Amino acid sequence: YERIFTRDILFAKASGSYTLIQTESGSFLLSTNLGKLSEKLTPATFLRVHKSYVVNIHRIESLSSTAVIV
């Protein structure tokens with residue numbers, strides 16, 4: 001097990017019944033789906049931008065109508 005601080009999370013991506021968490025230092029695969037994970041994350045910090053992605057809003061560099069750059 002490795003502790004991941006929410007401030008270090010760039011984004012989370014759904015991968016079937018798993019979720020891939022991306023940080024600057026690496027990626028981590030959790031055996032939980034994105035819906036259950038997003039319920040545990042602070043809504044003021046994390047935004048579900050797509051059915052498969054949750055993004056840390058403090059890490060967003062730019063937005064367009066079709067993309068989010070973190």
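In this predicted model, the largest pocket holds about 160 Å³ of space. Its lining is formed by I4, T6, I9, I21, L30, S31, T32, L37, K40 and L41, and these lining residues divide into six that are nonpolar, three that are polar and one that is charged.

The chain around this pocket contains one helix and seven strands, and, read from the N terminus, its elements follow the order β-β-β-α-β-β-β-β. The radius of gyration of the chain is 11 Å, close to the 11 Å that the globule rule gives for 70 residues, so the chain is as compact as a globular protein of that length. Taken along the principal axes, the C-alpha atoms fill a box of roughly 35 × 25 × 20 Å, while buried residues account for 24% of the 70 residues in the chain.

Turning to the aromatic rings, a search of the whole structure finds one aromatic pair. The ring centres of F11 and Y53 are 6.1 Å apart and the ring planes meet at 55°, so the pair is classed as tilted. Because F11 belongs to strand β1 (residues 9-15) and Y53 to strand β5 (residues 53-56), the pair ties together parts that are 42 residues apart in sequence. As for their surroundings, F11 counts as buried because its relative accessibility is 19%, under the 20% cut-off, whereas Y53, with a relative accessible area of 29%, is partly exposed.

A further contact with a ring involves a charge: the charged end of R7 sits over the ring of F5, at 4.5 Å from the centre of that ring.

Terms used. Residues numbered from 1 in each chain as written. Predicted model: local features only at pLDDT ≥ 70, side-chain atom pairs only at ≥ 80, totals over all residues. Heavy atoms only, no water. 1 Å grid on protein atoms, 1.4 Å probe; cavity = no way out; pocket = protein on both sides within 12 Å on 5 of 7 lines; lining within 4 Å. Points joined across faces, edges and corners; volume = space filled by probe spheres on them. Nonpolar A, V, L, I, M, F, W, Y, C, P; charged D, E, K, R; others polar. Phe/Tyr/Trp six-rings, centres within 6.5 Å; stacked < 30°, edge-to-face > 60°. Helix = DSSP H or I, 4+ residues; strand = E, 2+ residues; numbered from the N terminus. Buried < 20%, exposed > 50% of the residue type's maximum accessible area, 1.4 Å probe, protein only. Lys NZ or Arg CZ within 6 Å of the ring centre and 35° of its normal. Rg over C-alpha atoms; globule rule 2.2 N^0.38 Å.
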